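Hi,

Here is the structure I promised to pass on to you. Have a look at it first, and then read on for what turned up.

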Amino acid sequence: MTLQIRSLEQYHEAYRKSVEDPEGFWAEQASTFVWRKKWDSVLKNDFVTPDVQWFIGGKLNITENCLDRHIETRGDQIAIIWESNEAHEPSVKLTYRELLAEVNKCANALKAQGIGKGDRVCFYMPMIPQVAIAMLACARIGAIHSVVFAGFSANALAERIKDAQCKMVICSDYNRRGPKTIPVKSVVDEAISMGCDSVEKVLVYKSTGGKVKWDPNIDIWWHETVDNMGAECQAEVMDAEDMLFILYTSGSTGKPKGVVHTCGGYMVYTCYTFRNVFQYQDGDIYWCTADVGWITGHSYIIYGPLLAGATTMMFEGVPGHPDAGRFWHVCEKHRVNQFYTAPTAIRALMAAGWHAPEGYDLSSLKVIGSVGEPINEEAWHWYDEKVGHKRAPIVDTWWQTETGGIMITPLPHITDTKPCFASYPLPGVQPVLLDPNGVELEGNSVEGLLCIKYPWPSMLRTTYGDHERCRTNYFAAFHNMYFTGDGAKRDEDGRYRIIGRVDDVINVSGHRIGTAEVEDAINQHSGVVESAVVGYPHDIKGQGIYAYVKAHSEVVDEDHFRKEILDVVTKEIGPIAKPDKIQFVLQLPKTRSGKIMRRILRKIAEGQTDQLGDTSTLLNPECVEELKAGALE
């Protein structure tokens with residue numbers, strides 16, 4: 001099993017070794033897994049092209065390491081516990097042996113429908129066990145899964161299906177989310193009608209049994225296909241650098257990027273980080289509340305925990321349904337030991353039920369985690385006191401879709417914790433802070449642009465179908481560096497604090513949304529001339545979306561126009577990208593070259609109108625007073 005750090009001395013020793021001999025360090029971690037053929041060399045290191053490869057020539061199947069290798073010693077141990085959206089419904093538990101059988105049946109069903117190695121399969125699913133089963137089934141046969149969060153619109157789904165040229169879509173009939181029932185299948189139908197010609201089959205799981213439109217030429221029921229298959233399926237032998245999955249993430253330009261992760265390095269890194277960051281011990285119950293539509297669900301609900309032989313929980317619902325005590329009820333019910341959630345959820349639960357955790361027995365919690373965005377100090381202290389009872393340390397983790405796994409974090413009961421600080425790099429992670437000219441800022445008590453100067457096994461390999469975009473987005477800003485897009489501070493003791501994005505990306509409830517993407521959607525409205533979108537501090541979401549919109553003619557009914565714009569954004573991207581505030585303007589502040597000066601818009605949205613700086617370079621400086629006067633609180 002992957003090596004686990006147990007003391008501060010061991011952390012320092014592991015970190016030292018990982019920097020002085022990274023290839024030896026990661027080869028040692030990799031040697032704990034089942035390989036069909038051992039690698040010929042550990043690493044190809046090229047941050048310029050970029051061309052990074054790990055465990056070159058190694059052959060494996062990640063599902064043999066998630067499932068098969070555990071059967072002899074823990075076949076009857078619970079692998080997945082599922083909690084329904086509805087609190088009164090019973091939990092579902094799958095042992096490792098049962099999970100392997102279900103994965104094999106699904107893998108056989110996929111093969112029967114013509115899915116094989118290298119084919120892309122799109123997922124648009126609720127948080128039910130079948131999404132984990134089908135993702136693992138894809139990995140079992142060498143198909144590449146591309147999971148799309150089931151809150152995105154048909155347009156956004158179609159865009160992702162077309163980019164990856166997916167051969168199959170796997171979905172449910174409906175998705176239960178809090179008090180809502182979402183017609184998932186009809187969204188998929190709409191997306192496919194938008195020119196998704198690569199899709200040959202749609203595999204539908206009957207989640208609610210609600211009525212759906214049916215096309216017998218492409219639609220197939222899960223229960224009629226998967227459930228009748230045999231429970232044995234030989235795993236496809238994969239190269240360490242074969243694609244495992246594509247996951248789309250917003251960038252600073254309108255089109256989402258398909259981040260590509262590969263089999264070998266991702267396997268080694270997610271297991272190593274899971275065991276160490278959460279200090280998981282045999283018999284623990286681990287719960288990450290994320291959705292598998294995001295990287296957190298991939299790495300720390302499915303792959304990392306199952307690789308480590310853990311018991312991992314999946315939750316279908318939302319934090320506040322049926323009330324603000326739902327999370328704490330589930331923790332008490334299952335005696336959860338490690339709990340991992342987002343600052344947005346923490347802030348929402350604080351607002352809805354400040355004292356709610358006091359009514360539950362949370363004494364089983366040993367580690368509580370935070371993911372998706374920096375956690376603010378008030379929320380950190382509430383989480384520490386009300387949930388962790390100052391016994392369970394907070395691991396405030398920093399990482400990205402592109403990094404594949406956690407990069408900077410405290411280690412519980414080993415390193416110290418400090419509110420708002422992600423703290424220390426994990427072994428194998430070499431962060432640096434640079435000034436805008438690319439000069440490394442040495443020593444402590446400095447602030448700069450966060451880069452990583454050496455490869456780690458789970459880093460992205462490319463952006464699907466567009467390697468140049470990968471290079472320009474992540475490796476072109478600074479020579480021989482991976483640029484994270486985040487600014488950070490390093491304190492006097494070497495801890496890192498992530499300040500936030502330095503590009504045009506807004507972190508809304510832990511989800512990255514490109515401003516260009518939202519602007520493109522707003523501009524689809526026939527009454528809009530142009531728009532500019534910025535982020536601003538939001539009490540619950542961390543960052544909210546503030547849109548400045550210039551209309552073709554005078555806006556008579558602002559509320560109605562706002563609703564129409566929100567409807568367009570929901571249709572184009574999904575409700576997650578709806579602006580929180582829309583200010584109608586006569587003009588936008590522009591430089592003489594015609595570029596919108598977002599710095600000014602950001603300050604006005606933040607309410608810092610006394611800090612606008614120099615506006616003399618604007619083509620239209622007179623608009624600034626108009627913008628300030630019309631600013632929304």
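A word on naming before anything else: helices (H or I, at least four residues) and strands (E, at least two) are DSSP runs, numbered from the N terminus. By that naming, Phe-55 lies in strand β2. Please also keep in mind that this is a predicted model.

Since we're at Phe-55 already, let's start with the backbone oddities. Most residues other than glycine have a negative phi, and most peptide bonds are trans. Phe-55 goes the other way on phi, with a positive value near 55 degrees. On the peptide side, there is a cis bond between Thr-49 and Pro-50, with omega at about -15 degrees. You'll find Pro-50 in the loop that runs between β1 (41-44) and β2 (53-56). Another cis bond joins His-321 to Pro-322, and its omega is about 0 degrees. Pro-322 sits in the loop between β17 and α12.

Now for the sheets. Strands of a sheet pair through backbone hydrogen bonds, either parallel or antiparallel. One open sheet here has seven strands with mixed pairing, and going across you meet β5-β4-β17-β16-β18-β19-β20. At the edges are β5 (92-95) and β20 (394-396); each has a single partner strand, so one side of each is left without a neighbour in the sheet. From one strand to the next, the twist averages 20 degrees. Within this sheet, β16 (residues 285-288) pairs with β18 (residues 338-341) in the parallel sense, over three bridges. If you want a spot to zoom in on, Tyr-286 stands opposite Gln-338 in β18. Helix α12 (residues 326-334) packs on the sheet and touches β4 (78-83), β5, β16, β17 (311-315) and β18. The direction of α12 makes about 145 degrees with that of β4.

There is also an open sheet of four strands, this one with antiparallel pairing, in the order β21-β22-β24-β25. Its edges are β21 (431-434) and β25 (496-501), each with a single partner strand, so one side of each has no neighbour in the sheet. The twist here averages 45 degrees from one strand to the next. Look at β22 (residues 446-452) and β24 (residues 482-490) in particular: they run antiparallel and are joined by six bridges. Across that pair, Glu-447 stands opposite Lys-489 in β24.

On to a helix pair. The axes of α6 (residues 129-141) and α11 (residues 295-307) come within 12 Å of each other and cross at roughly 60 degrees. That makes α6 oblique to α11, and the crossing is right-handed. Which residues meet there? From α6 come Ala-132, Met-135, Leu-136 and Ala-139, and from α11 His-298, Ile-302, Tyr-303 and Leu-306. Sorted by type, the residues of this contact are seven nonpolar, one polar and no charged.

Last, the charged side chains. How many salt bridges does a search of the whole structure find? The count is 40. One to look up is the salt bridge between the side chains of Glu-13 and Arg-16, at 2.5 Å from N to O. Both residues lie in helix α1 (residues 8-20), three residues apart, about one turn of the helix.

Happy browsing, and shout if anything is unclear!

Note on methods: Residues numbered from 1 in each chain as written. Predicted model: local features only at pLDDT ≥ 70, side-chain atom pairs only at ≥ 80, totals over all residues. Heavy atoms only, no water. Axes fitted to C-alpha atoms, helices over the stretch in contact; angles between N-to-C directions. Parallel < 35°, antiparallel > 145°, perpendicular 65-115°, else oblique. Left-handed = near helix turned anticlockwise from the far one by under 90°. Contact = heavy atoms within 4.5 Å. Nonpolar A, V, L, I, M, F, W, Y, C, P; charged D, E, K, R; others polar. Pairing = 2+ DSSP bridges. Salt bridge = Lys/Arg side-chain N within 4 Å of Asp/Glu carboxyl O.
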